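Trainee: Please pick one spot in this model and take a close look at it with me. I would also like to hear how the parts around it fit together.

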Amino acid sequence: ELQGVPDAKRSARFVAVLVLLRHADDPLPLIAQGVWEGRILTAPRGGNGFGYDPLFFDPLLGHGAAELEPALKNQVSHRGKALQVLKQLLAC
């Protein structure tokens, strides 16, 4: 459906939200969000990852998500960012 759509109009993002309830009646659960901004490629690239990874391009890194080594992807992905926020919240 994006055939012919220019790169400038192919923005995309992954969003992850983690919620930690310390008990069933926790009045203040910890909520952490991570966002990974990018754009949608015109053709799949890379052999790592799953789902939309072969079509998601990170312009800051200059690579598609499926081209990244797992350790780097875990640091820069929406899930990795959300986990880092949750770790910070737990440290407070």
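Mentor: Let's begin with Asn48, which, leaving aside residues up to four places away in sequence, touches Asp53, Ala66, Glu67, Leu68 and Glu69. Keep in mind as we go that this is a predicted model. Asn48 sits in the loop between β2 and β3. Its relative accessibility is 31%, and partly exposed is the label for values between the 20% limit for buried and the 50% limit for exposed, so Asn48 counts as partly exposed. To get a feeling for distance, find Asp25 as well: Asn48 and Asp25 are 23 residues apart along the chain, and 40 Å separates their C-alpha atoms.

Now step from that loop into the strands on either side of it. β2 and β3 pair in the antiparallel sense over two bridges, and one pair to look for is Ile40 with its bridge partner Phe56 in β3. Strand β3 covers residues 56-58. β3 also pairs with β4, again antiparallel and over two bridges; here Phe57 has Gly64 of β4 as its bridge partner. Back on the other side, β1 and β2 pair in the antiparallel sense over ten bridges, and Ala12 stands opposite Gly38 in β2.

Put these pairings together and you have an open sheet of four strands, in the order β1-β2-β3-β4, with antiparallel pairing. β1 and β4 stand at the edges with a single partner strand each, so one side of each has no neighbour in the sheet. Helix α2, residues 78-91, packs on this sheet and touches β1 and β2, and its direction makes about 155 degrees with that of β2.

Two residues let you look at this packing in detail. His78 belongs to helix α2. Not counting residues up to four places away in sequence, His78 touches Phe14, Val15, Ala16, Gly34, Val35 and Trp36. The relative accessible area of His78 is 6%, and buried means under 20%, so His78 is buried.

The second residue is Leu30, in strand β2. Leu30 is in contact with Leu18, Val19, Leu20, Arg22, Leu86, Leu89 and Leu90, once its neighbours within four places in sequence are set aside. Leu30 is buried too, at 11% relative accessibility. Val19 is eleven residues from Leu30 in sequence, while their C-alpha atoms lie 5.6 Å apart in space.

Some of the residues we have met also take part in the largest pocket, which holds about 160 Å³ of space. Its lining is made of Leu2, Arg10, Ala12, Arg13, Phe14, Ile40, Leu41, Tyr52, Leu55 and Phe56. You will recognise Ala12 from the pairing with Gly38, Phe14 from the contacts of His78, and Ile40 and Phe56 as bridge partners. Strand β1, residues 11-20, gives the most to this lining, with three residues. By kind, the lining residues are eight nonpolar, no polar and two charged.

Technical notes
Residues are numbered from 1 along each chain as its sequence is written. This is a predicted model: local features need pLDDT of at least 70, side-chain atom pairs count only at pLDDT 80 or more; totals for chains, interfaces and linings use all residues. Side-chain values use heavy atoms; hydrogens and water are left out. On a 1 Å grid over the protein atoms alone, a cavity is a set of points where a 1.4 Å probe fits but cannot get out, and a pocket is an open set with protein on both sides within 12 Å along at least five of seven lines; lining residues have an atom within 4 Å of a point. Grid points are joined across faces, edges and corners, and a volume is the space filled by probe spheres set on the points. Ala, Val, Leu, Ile, Met, Phe, Trp, Tyr, Cys and Pro count as nonpolar, Asp, Glu, Lys and Arg as charged, and the others, Gly among them, as polar. Two strands pair if DSSP finds at least two bridges between them. Contact means heavy atoms within 4.5 Å. Axes are lines fitted to C-alpha atoms, for helices over the stretch in contact, and angles run from 0 to 180 degrees between N-to-C directions. Buried means under 20% relative accessible area, exposed over 50%, partly exposed in between (1.4 Å probe, protein chains only).
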